Amino acid sequence: MENSKKPYYITVANGEISQFSTVSPWDYKIEATDDEVIKLRQYFDQVYSSDIKGFFRAHTPYVQYHYDRENDAIDDTNKLIYKMIYELGDEEAKEHIRTQGLISRIEEQE
């Protein structure tokens, strides 16, 4: 894999990673190597997989939300996603994550 960093545009809600800023709306711009993008893609895939499991769990009414491992897995993976975006993001991405208090909450729970 190539180790040079390239710009990527990230949409967190749908787990989209694009090299083109004009293809669709995006939330964050990052500079990442191929390996870093693969890792970020794996995190988005984990969220999707946990979300599907959570959908099926939601049809089991006796399991309460706060005992739901799928939701915990999504929360944990989202922390990894935002931490990675913060580390790789441009200044605008870092500022947005800081002003939302996301990075301080992630660091508190580590």
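**Exercise 1. The nonpolar core**

Task: In this predicted model, find how many residues the largest nonpolar core has, and which of them have the most contacts inside it.

Solution. Start with the core itself: the largest one has 22 residues. Within this core, Ile10, Tyr28, Ile30 and Ile85 have the most contacts. Next, ask which elements supply it. Two or more residues each come from β1, β3, α1, α2 (69-88), α3 (91-99) and α4. Helix α2 gives the largest share, seven residues. A general point fits here: in soluble globular proteins, nonpolar side chains tend to be buried together.

Now pick one core residue and list its partners. Setting aside neighbours within four places in sequence, Ile10 is in contact with Glu16, Ile17, Trp26, Asp27, Tyr28, Ile30, Leu40, Phe44 and Ile85. That list includes Tyr28, Ile30 and Ile85, which are also named among the core residues with the most contacts.

**Exercise 2. How far to trust each part**

Task: Work out which element has the lowest mean pLDDT and which the highest.

Solution. Begin with the whole chain: the average pLDDT is 85, and 77% of the residues score at least 70. Then go element by element. Helix α4 (residues 102-108) has the lowest mean, 74, while strand β3 (residues 28-32) has the highest, 98. Both of these elements give two or more residues to the core of the previous exercise. Keep in mind that where pLDDT is low, the predicted coordinates should not be read in detail.

**Exercise 3. Salt bridges around the start of helix α1**

Task: Find the salt-bridge partners of Lys5 and Lys6, and decide whether Asp34 is buried or exposed.

Solution. First, the overall tally: the whole structure holds six salt bridges. One of them pairs the side chains of Lys5 and Glu36, at 3.4 Å from N to O. These two come from distant parts of the chain, with Lys5 in the segment before β1 (6-11) and Glu36 in helix α1 (residues 34-58), 31 residues apart. Lys5 is partly exposed at 45% relative accessibility, and Glu36 is partly exposed too, at 22%.

Second, the side chains of Lys6 and Asp34 form a salt bridge at 3.0 Å, N to O. Because Lys6 lies in strand β1 and Asp34 in helix α1, this pair ties together parts that are 28 residues apart in sequence. Lys6 is partly exposed, at 23%. Asp34 has 17% relative accessibility; the cut-off for buried is under 20%, so Asp34 counts as buried.

Third, look at Asn3, whose place is also in the segment before β1. Its C-alpha atom is separated from that of Asp34 by 6.6 Å, although their positions lie 31 residues apart along the chain. Not counting residues up to four places away in sequence, Asn3 touches Thr33 and Asp35. At 59% relative accessibility, Asn3 counts as exposed.

**Exercise 4. Salt bridges within a helix, and a network**

Task: Where do Asp45 and Arg41 lie, and which residues do salt bridges that share partners join into one network?

Solution. Take the pair first: the side chains of Asp45 and Arg41 meet in a salt bridge at 3.3 Å, N to O. Both residues lie in helix α1, four residues apart, which is about one turn of the helix. Asp45 is partly exposed at 42%, and so is Arg41, at 30%. Then turn to the network: Glu91, Glu95 and Arg98 are joined into one by salt bridges that share partners.

Key: Residues numbered from 1 in each chain as written. Predicted model: local features only at pLDDT ≥ 70, side-chain atom pairs only at ≥ 80, totals over all residues. Heavy atoms only, no water. pLDDT = per-residue confidence, 0-100. Salt bridge = Lys/Arg side-chain N within 4 Å of Asp/Glu carboxyl O. Buried < 20%, exposed > 50% of the residue type's maximum accessible area, 1.4 Å probe, protein only. Core = buried A, V, L, I, M, F, W, Y, C linked by side-chain atoms within 4.5 Å. Contact = heavy atoms within 4.5 Å.
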